[in-house]
Amino acid sequence: MMPLSSRLAGFGHAVPSRIVHNTEIESRLDLEAGWIERRTGIRSRHWASEGDTLSGLAAEAGKMALEDAGIAPGEIAMTLLATSTPDHLLPPSAPLLAHKLCLNNSGAIDLAGACSGFLYALTLADGFVRAHGRSVLVVAANILSRRINPSERASAVLFADGAGAVVLTPCRNEQSGLRAAVLAADGSGYDLITIPSGGSSQPFSPDTPADQVLMTMPDGREVFSRAVDLMTRTARQAMDEAILTNCAIDRFVPHQANIRLCDAVRHNLGLEERKVVSTIAEFGNSSAATIPLSLSVENRRRPFKSAEHLLMAAAGAGLSGGAVIFAV
C-alpha cells in the first residue's frame with residue numbers, strides 16, 4: 001500500500017467589513033496622495049470594527065474552508081491557529097476557535113510565528129496527516145489594526161486584518177502534499193519588529209507608556225533587506241530539495257508584506273511575473289494570514305489543478321521565515 005500523503009482539500013478566507021482606503025491614512029500622516037500605493041502596492045485594507053474578534057474572524061475563514069473541503073467537523077483531528085494577535089494572552093484562542101466550529105474531536109493550539117506562522121503550521125499539519133491519517137484545519141488570522149502605532153509611518157501604512165484557512169486531508173497520491181520545507185530563524189534581528197511591553201520580560205504596569213504596547217518597526221529598510229535575503233535563500237533551498245527548477249513552479253505565493261519585496265524575491269528566483277499570486281492591493285499585509293488568504297482568493301479566481309506545484313515563502317518578526325513547496 002502506498003504511504004499516506006496530504007492534500008489541500010479546502011480553502012477559506014475572511015476579512016472585516018470595514019474598508020480603509022489609502023486617502024484616510026495619507027491624510028492623517030500628511031503624506032501626498034498616492035504615496036502608499038507607490039511605495040507598497042496597497043490601495044486599501046480591511047480593519048476590524050468594535051465587536052470584531054480574532055477568534056470570530058478565524059472561525060469565519062475556517063468555516064469556509066471546511067465547507068469547501070466538504071468535510072464534517074468531526075473529521076478534524078487537529079486545529080492549528082497561527083496568530084500574533086490572540087483574543088487574550090491567556091488562554092490560547094485555538095480551543096475557542098475549535099469550539100465555535102463544533103470541532104469536538106479536535107486538539108487545538110496557537111502558534112506564534114509572526115508572518116511565517118502559516119508556513120510553520122502547514123509543515124506541522126502535513127506531518128500530522130502523514131503520521132496519523134487524520135485531517136487538520138490550519139487557520140492564520142490577525143487583527144493588526146489594534147496593534148498599529150498610528151504615528152509610525154512604516155507600520156501604519158502596511159498592516160491589515162484578515163484570516164485565511166486550509167484543510168489538509170490524508171490521501172494515497174504520493175505526488176501530493178509537502179514536497180519541501182526549509183524553515184529558518186535569525187535571532188540577531190529579534191528587535192527589528194516588536195511590541196515592547198506585555199511579555200514576561202517587560203510586563204504591563206500602570207506606568208507603561210501607551211506606545212510600548214503597540215507595534216514598532218524602526219528600521220524598515222533593514223527589515224526589507226533581511227526578508228528578501230531570507231525568502232530568496234530558503235526558496236532556492238526548497239526548490240533544490242524538491243528537485244524542481246523555477247520553470248516547474250506553477251504559482252508563487254509570497255507573504256504579502258510589500259509589493260516591492262515580492263517583486264525582489266520573484267526576480268531573484270527567476271520566476272515569471274504571471275506566476276505570482278498577489279492580493280496586497282486589496283487586502284494589505286495581515287502577517288501570517290496573507291498566504292492562506294491569497295490561496296483562497298486565488299483558488300476562487302483560477303482553481304488549482306492537480307499536480308500543480310505551489311511555492312510559498314515568508315519572513316517576519318523574530319526574524320523567522322522560510323519556504324515551502326506544496327503539490328496540490
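This report walks through the core, the unusual backbone spots and a charged surface patch of one structure. The model is predicted.

**The nonpolar core**

Start inside. The largest nonpolar core has 29 residues. Five of them have the most contacts inside this core: Phe118, Leu122, Val166, Leu295 and Met312. Many elements take part. Helices α5 (117-132) and α10 each supply at least two residues of this core. So do the strands β1 (5-14), β4, β6 (135-143), β7 (161-171), β10 and β11. Which element gives the most? That is α5, with six residues. There is a general background to this. In soluble globular proteins, nonpolar side chains tend to be buried together.

**Two cis peptide bonds**

Next comes the backbone. A cis peptide bond joins leucine 90 and proline 91. Its omega is about 5°. Proline 91 sits in the loop between β4 (76-82) and α4 (94-100). Strand β4 was met above, as a supplier of at least two core residues.

Another cis bond runs from glycine 318 to leucine 319. Here omega is near -20°. Leucine 319 lies in the loop between β10 (309-316) and β11 (320-327). Both of these strands also supply at least two residues each to the core.

**Two positive phi values**

Now for phi. Aspartate 30 has a positive phi, and it is not a glycine. Serine 287 also has a positive phi without being a glycine. The table sets out both residues.

| Residue | Phi | Loop | Relative accessible area |
|---|---|---|---|
| Aspartate 30 | near 60° | between α1 (22-29) and α2 (35-40) | 70% |
| Serine 287 | about 60° | between α9 (280-283) and α10 (290-301) | 6% |

Are these residues buried or exposed? Aspartate 30 is exposed, because its relative accessible area is 70% and the cut-off for exposed is over 50%. Serine 287 is buried, because its value is 6% and buried means under 20%. The loop of serine 287 ends at α10, a helix that supplies at least two residues to the core.

**A positive surface patch**

Finally, the surface. Which residues form the positive patch? They are Arg39, Arg153, Arg221 and Arg260. One of them, arginine 260, is found in helix α8, which covers residues 259-269. Arginine 260 counts as partly exposed, because its relative accessibility is 36%. That class lies between the cut-offs of 20% and 50%.

Technical notes
Residues numbered from 1 in each chain as written. Predicted model: local features only at pLDDT ≥ 70, side-chain atom pairs only at ≥ 80, totals over all residues. Heavy atoms only, no water. Patch = residues over 30% accessible without salt bridge, like charges linked within 9 Å, V, L, I, M, F, W, Y side chains within 5 Å. Areas by Shrake-Rupley, 256 points an atom, 1.4 Å probe, with all protein chains shown as cover. Salt bridge = Lys/Arg side-chain N within 4 Å of Asp/Glu carboxyl O. Lys, Arg positive; Asp, Glu negative; His and termini not counted. Charge placed at Lys NZ, Arg CZ, Asp CG, Glu CD. Helix = DSSP H or I, 4+ residues; strand = E, 2+ residues; numbered from the N terminus. Buried < 20%, exposed > 50% of the residue type's maximum accessible area, 1.4 Å probe, protein only. Core = buried A, V, L, I, M, F, W, Y, C linked by side-chain atoms within 4.5 Å.
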